[in-house]
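Please examine the structure shown below together with its sequence. The account that follows moves from the overall fold to the interior and then to the aromatic rings.

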Amino acid sequence: MQLGTVPERLARNQYDVDEGTPHIEVHQDVVRRTGAAPLLVRICPAHVYTAEPDASVGFTAAACLECGTCLAVAPEAVSWHYPRGGFGVAYRQG
């Protein structure tokens, strides 16, 4: 059975974003001061982060795979925790 490409498999996941309590907070002052935007963009397997022209970083929590890589490589620039119960990613293809 053909399982498809990684992007095709990831597209089958369901994301239930907790709009009232986001699980990612980016500290833009730290990102600008340390130049962490390119690092966050490069290391995120879900491509959640985007580098902005003003040296800040944009992000889309709805695509987050909840792997914690961003917290591991840039703990001073990102506050991250698992979403509240019932929210976050629901994996469909393992």
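The paragraphs below describe the chain as a whole, its nonpolar core and its aromatic pairs.

The model is predicted. Its secondary structure consists of four helices and six strands, arranged along the sequence in the pattern α-β-β-α-α-β-β-α-β-β. The C-alpha trace spans about 50 × 30 × 20 Å along its principal axes. Among contacts with a separation of 6 or more, 62% are made by residues 24 or more positions apart.

Turning to the surface, the chain has an accessible area of about 5800 Å², and carbon and sulfur atoms contribute 56% of this area. Of its 94 residues, 32% count as buried. The chain carries 7 positive and 10 negative charges, and the mean positions of the two sets lie 7 Å apart.

The interior can be approached through the largest nonpolar core, which has 20 residues. Within this core, I24, L40, Y49 and V78 touch the most other members. Two or more residues are supplied by each of the elements β2 (24-26), α2 (28-34), α3 (37-43) and β5 (78-80). For I24, the contacts beyond its neighbours within four places in sequence are V48, Y49, F59, A61, C64, V78, S79 and W80. Two of the core residues named above, Y49 and V78, are thus listed among the contacts of I24.

Several aromatic residues also take part in ring pairs, and the count of such pairs comes to two. In the pair formed by Y49 and F59, the ring centres are 6.3 Å apart and the planes meet at 45°, so the arrangement is tilted. This pair links distant parts of the chain, with Y49 in strand β3 (residues 49-51) and F59 in strand β4 (residues 57-59), 10 residues apart. How does the accessibility of Y49 classify this residue, as buried or exposed? Y49 counts as buried because its relative accessibility is 4%, under the 20% limit. F59 has a relative accessibility of 33% and therefore counts as partly exposed, since this class lies between the limits of 20% and 50%.

The other pair is formed by W80 and Y82. Their ring centres are 4.8 Å apart and their planes stand at 70°, so the pair is edge-to-face; the angle that defines this class is over 60 degrees. W80 is buried, with a relative accessible area of 14%, whereas Y82 is exposed at 56% relative accessibility. W80 is also one of the contacts of I24.

Terms used:
Residues numbered from 1 in each chain as written. Predicted model: local features only at pLDDT ≥ 70, side-chain atom pairs only at ≥ 80, totals over all residues. Heavy atoms only, no water. Buried < 20%, exposed > 50% of the residue type's maximum accessible area, 1.4 Å probe, protein only. Contact = heavy atoms within 4.5 Å. Areas by Shrake-Rupley, 256 points an atom, 1.4 Å probe, with all protein chains shown as cover. Lys, Arg positive; Asp, Glu negative; His and termini not counted. Charge placed at Lys NZ, Arg CZ, Asp CG, Glu CD. Phe/Tyr/Trp six-rings, centres within 6.5 Å; stacked < 30°, edge-to-face > 60°. Core = buried A, V, L, I, M, F, W, Y, C linked by side-chain atoms within 4.5 Å.
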